[in-house]
Amino acid sequence: MSATGEAPGVRVERRGDAALIVIDRPSAHNAISRPTMVELGAALDEIADSDARVVAIRGAGERVFVSGGDLKELASIRTEEEAMAMAMTMRTLLDRVASLPVPVVAALNGHAFGGGCEVAIACDFRLAAADVKLAFNQVDLGIMPAWGGIERLQAVVGRGRALYLLTTGLPVDAPTAAAWGLVETVVPRGEFDDRLTELLDRMARAPREALVGIKAAADAARPAARPELAAGATASFARTWVGDAHWAAVAAMDERRRQARAG
């Protein structure tokens with residue numbers, strides 16, 4: 001339990017020489033709140049102090065990997081300074097994910113939307129269930145990705161496809177994501193957990209020193225974290241966050257949800 005008596009939203013599970021970080025917030029569709037960020041930081045501390053040879057990040061359940069930021073909890077952020085601080089906190093956490101010395105797998109057990117795609121793209125590669133959809137749909141809320149996802153996405157799929165995904169907000173299914181290089185492996189839904197376990201077991205057979213060396217050489221060729229870009233990106237995000245278009249989009253989304261519940 002957390003200090004508030006609530007079940008933690010992030011937990012670490014050890015599976016032999018592999019470690020699993022699980023985002024487990026079913027009532028919020030595994031969305032990221034500021035308390036979740038604190039818990040994720042603690043999970044990364046635990047991983048950093050461990051001898052794990054490979055790490056996977058997944059959402060709990062089978063429907064959602066991470067649905068993005070928790071708009072209900074984050075709605076109290078109303079100034080550019082607060083928005084920048086929130087974005088910088090999560091961007092720094094995802095830079096830590098990208099900079100872990102061992103390989104990190106995004107286990108896309110369910111859909112990834114908005115900030116959930118930023119979590120996924122911060123990992124070294126992605127395993128997805130075949131029925132999963134991914135959408136960098138922040139633009140639908142009048143904002144932009146702020147957690148490092150823009151530059152990481154462009155590095156993975158190229159500038160044109162990145163801008164297409166970022167400016168339209170349109171979802172792509174798992175096979176399309178695989179064809180574009182956004183996802184490395186697509187597996188049938190019923191086989192997902194077994195295939196994830198097989199992948200982690202396979203990778204964890206290698207000596208940790210070899211895995212660390214491989215990733216270090218890859219990072220030297222193309223860094224996965226670009227902290228020098230953080231100030232400009234988070235400042236741009238903060239301006240969109242406090243803009244009228246964002247809050248109008250949030251209000252419209254809330255109304256659609258209210259009508260759906262009433263209907």
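Which residue in strand 7 is the bridge partner of Ala106? Keep that in mind as you open this predicted model; the tour will reach the spot shortly.

**Start with the whole chain**

Show the whole chain as a cartoon: its secondary structure comes to 11 helices and 10 strands. The C-alpha atoms fill a box of roughly 55 × 40 × 40 Å along the principal axes. A compact globule of 263 residues would have a radius of gyration near 18 Å, and the chain agrees, because its own value is 18 Å.

Now switch on the surface. The accessible area comes to about 12,300 Å², and 55% of that belongs to carbon and sulfur atoms. Of the 263 residues, 44% count as buried. If you display contacts with a separation of 6 or more, residues 24 or more positions apart account for 76% of them. Colouring by charge is worth a moment too: there are 30 positive and 34 negative charges, and their mean positions are 3 Å apart.

**Select residues 104-108**

This is strand 5, and 5 of its 5 residues are buried. Turn the view to compare its faces. Val104, Ala106 and Leu108 lie on one side, Val105 and Ala107 on the other, and both faces are covered.

Next, add residues 54-59, which make up strand 3. Strand 3 runs parallel to strand 5, and 4 bridges join the two. Centre on Ala106 and you will find Ile57 standing opposite.

Then add residues 125-129. These form strand 7, which pairs with strand 5 in the parallel sense, again over 4 bridges. Here is the reply to the opening question: the bridge partner of Ala106 in strand 7 is Arg126.

**Move to the open sheet**

Select strands 4, 6, 8 and 9. Together, these 4 strands form an open sheet with mixed pairing, in the order 4-6-8-9. Strand 4 (64-66) and strand 9 (172-173) stand at the edges; each has a single partner strand, so one side of each is left without a neighbour in the sheet.

Inside that order, zoom in on strand 6 (residues 111-113) and strand 8 (residues 133-135). They run parallel and are joined by 2 bridges. To see a bridged pair, label Ala112 and its partner in strand 8, Leu134.

**Visit the hairpin**

Select residues 10-15 and 18-23, that is, strand 1 and strand 2. They run antiparallel with 6 bridges between them. Arg15 has Ala18 of strand 2 as its bridge partner. The two strands form a hairpin with 2 residues between them, and Gly16 in the turn has a positive phi of about 65 degrees.

**Follow the loop after strand 2**

Continue into the loop that leads to helix 1 (34-48), where His29 lies. What is the sign of the phi angle of His29? It is positive, at about 55 degrees, although His29 is not a glycine. Asn30 is found in this loop between strand 2 and helix 1 as well. Its phi is also positive, at about 60 degrees, and Asn30 is not a glycine either. Is Asn30 buried or exposed? With a relative accessibility of 3%, Asn30 counts as buried, since the cut-off for buried is under 20%.

**Finish on helix 3**

For the last stop, select residues 80-99, helix 3, and pick out Ala85. Ala85 is partly exposed, with a relative accessible area of 43%. Draw a distance from its C-alpha to that of Glu228: the two residues are 143 residues apart in sequence and 16 Å apart in space.

Conventions. Residues numbered from 1 in each chain as written. Predicted model: local features only at pLDDT ≥ 70, side-chain atom pairs only at ≥ 80, totals over all residues. Heavy atoms only, no water. Rg over C-alpha atoms; globule rule 2.2 N^0.38 Å. Buried < 20%, exposed > 50% of the residue type's maximum accessible area, 1.4 Å probe, protein only. Contact = heavy atoms within 4.5 Å. Areas by Shrake-Rupley, 256 points an atom, 1.4 Å probe, with all protein chains shown as cover. Lys, Arg positive; Asp, Glu negative; His and termini not counted. Charge placed at Lys NZ, Arg CZ, Asp CG, Glu CD. Pairing = 2+ DSSP bridges.
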